[in-house]
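Reader: I would like a close look at one part of this model, the surroundings of its bound ligands, with the neighbouring chain described as far as it helps. Please take your time and keep the account connected.

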Amino acid sequence: MHHTTRPGWIEVIAGVMFSGKSEELIRRVRRSVIAKKKVQVFKSHLDDRYGGVYQVSSHNGAAVEARPVDSSIEIMRLVRPQSEVIAIDEAQFLDEGVVDVVTTLATRGVRVILAGTDTDFRGEPFGAMPQLLAIAEIVDKLHAICVVCGDPACRNQRLINGRPAAYESPTIMVGGSEAYEARCRHCHSVPKADEAQVRLL
Ligand code: ADP
Ligand code: ZN
């Protein structure tokens, strides 16, 4: 644990889907509640996959109440002055303003806990996650298990109709029929739209 004489810092829980970020965020929030801290939980409105939109849910069914937000400004508006712990799930979907928002909160004395997918389906940095990882005092990078070979997984494999999605497909597919698998670097596949280009590499 991080020991300081004054409250206020940033923690980032990064990793691919299924790596246990939401489980870990929920665990930290529950422990803060046990410690009688005043806690608020937010999540990007883009994630309403599991349970109601007012929850952060993990793939194993654990849940805490969370307020869905559209933007980082909305977080700033909704934060209560007495809050001591602010947790934000699915941080990769938030705008770049989240960096300033969490910096302001931490400087003010708030413990900020962010969870997010640090790489998109291509394996490239996702949204403001690189900046958040850089400015955080504490970083945990979690891994899932590769569904192909069983090694630790650090990539999200996007599948469309069961086939690897092309590099050119959009970073965020709202309402798409895509599926995701956790995979390791070596089992991860991102073909270029023009398959011939892949064979040349
Ligand atoms: P994240 O928030 O990173 O998507 P969750 O906390 O929601 O992760 O879910 C983690 C849980 O997902 C694990 O504890 C496990 O029960 C389940 N799970 C399903 N598929 C996998 C996988 N391929 N690797 C690891 N855990 C998996
Ligand atoms: Zn693998």
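Author: Helix H1 makes the greatest contribution to the shell around ligand 1, giving three residues. In this predicted model, H1 spans 21-34, and both H1 and strand S9 (144-145) supply at least two residues of that shell. The shell has 14 residues in total, and the closest of them are Phe18, Lys21, Ser22, Glu23 and His59. By class, the shell around ligand 1 is made up of seven nonpolar, five polar and two charged residues.

The polar contacts listed here run to the backbone. A polar backbone atom of Phe18 lies 2.9 Å from an oxygen atom of ligand 1, and a polar backbone atom of Gly20 is 3.0 Å from an oxygen atom of the ligand. For Ser22, a backbone N or O atom is found 2.9 Å from an oxygen atom of ligand 1. Taken on its own, ligand 1 has 580 Å² of accessible area, and the protein covers 75% of it.

Strand S9, which helps to supply the shell around ligand 1, also borders a loop that takes part in the second site. The zinc ion (ligand 2) is coordinated by the SG atoms of Cys146, Cys149, Cys184 and Cys187, at 2.3 to 2.4 Å. The angles among these four donor atoms run from 101 to 119 degrees, and the site of the zinc ion is tetrahedral. Because a site with four donors counts as tetrahedral if all angles lie between 85 and 135 degrees, the range of 101 to 119 degrees fits that assignment. For comparison, the ideal angle for four tetrahedral donors at a metal is 109.5 degrees.

Along the sequence, the donor residues of the zinc ion follow the spacing C-x2-C-x34-C-x2-C. Cys149 sits in the loop between S9 and strand S10 (152-153), while Cys184 sits in the loop between strand S13 (179-183) and helix H5 (195-200), so this pair ties together parts that are 35 residues apart in sequence. Cys149 is partly exposed, with a relative accessible area of 41%, whereas Cys184 is buried, at 4% relative accessibility.

Strand S13 also leads to another part of the chain, since Ser177 lies in the loop between strand S12 (163-164) and S13. Ser177 is exposed, with a relative accessible area of 62%, and its C-alpha atom is separated by 9.0 Å from that of Leu159, 18 residues apart along the chain. Leu159 belongs to strand S11, residues 155-160, and is buried, with a relative accessible area of 9%. The C-alpha atoms of Leu159 and Tyr180 are separated by 6.0 Å, although these residues are 21 residues apart along the chain.

The loop between S11 and S12 holds Asn161, whose phi is near 50 degrees, a positive value in a residue other than glycine. Asn161 is exposed, with a relative accessible area of 70%. Glu90, too, is a residue other than glycine with a positive phi, here near 60 degrees. Glu90 lies in the loop between strand S6 (85-89) and helix H3 (98-108), and with a relative accessible area of 9% Glu90 is buried.

Technical notes. Residues are numbered from 1 along each chain as its sequence is written. Chains are lettered from A and ligands numbered from 1 in the order in which they are written. This is a predicted model: local features need pLDDT of at least 70, side-chain atom pairs count only at pLDDT 80 or more; totals for chains, interfaces and linings use all residues. Side-chain values use heavy atoms; hydrogens and water are left out. A residue is near a molecule or strand if one of its heavy atoms lies within 4 Å of it. A polar contact is a pair of N or O atoms within 3.5 Å; within protein, one must be able to donate a hydrogen and the other to accept it, and residues adjacent in sequence count only if both atoms are side-chain atoms. Accessible areas come from the Shrake-Rupley method with a 1.4 Å probe; for residues, only the protein chains shown count as cover. Helices (H or I, at least four residues) and strands (E, at least two) are DSSP runs, numbered from the N terminus. Ala, Val, Leu, Ile, Met, Phe, Trp, Tyr, Cys and Pro count as nonpolar, Asp, Glu, Lys and Arg as charged, and the others, Gly among them, as polar. Donors are N, O and S atoms within 2.8 Å of the metal (3.2 Å for Na, K and Ca); water is not among the atoms, so sites may look incomplete. Four donors count as tetrahedral if all angles lie between 85 and 135 degrees; four count as square planar and six as octahedral if opposite donors are over 155 degrees apart and all others between 65 and 115; anything else is irregular. Buried means under 20% relative accessible area, exposed over 50%, partly exposed in between (1.4 Å probe, protein chains only).
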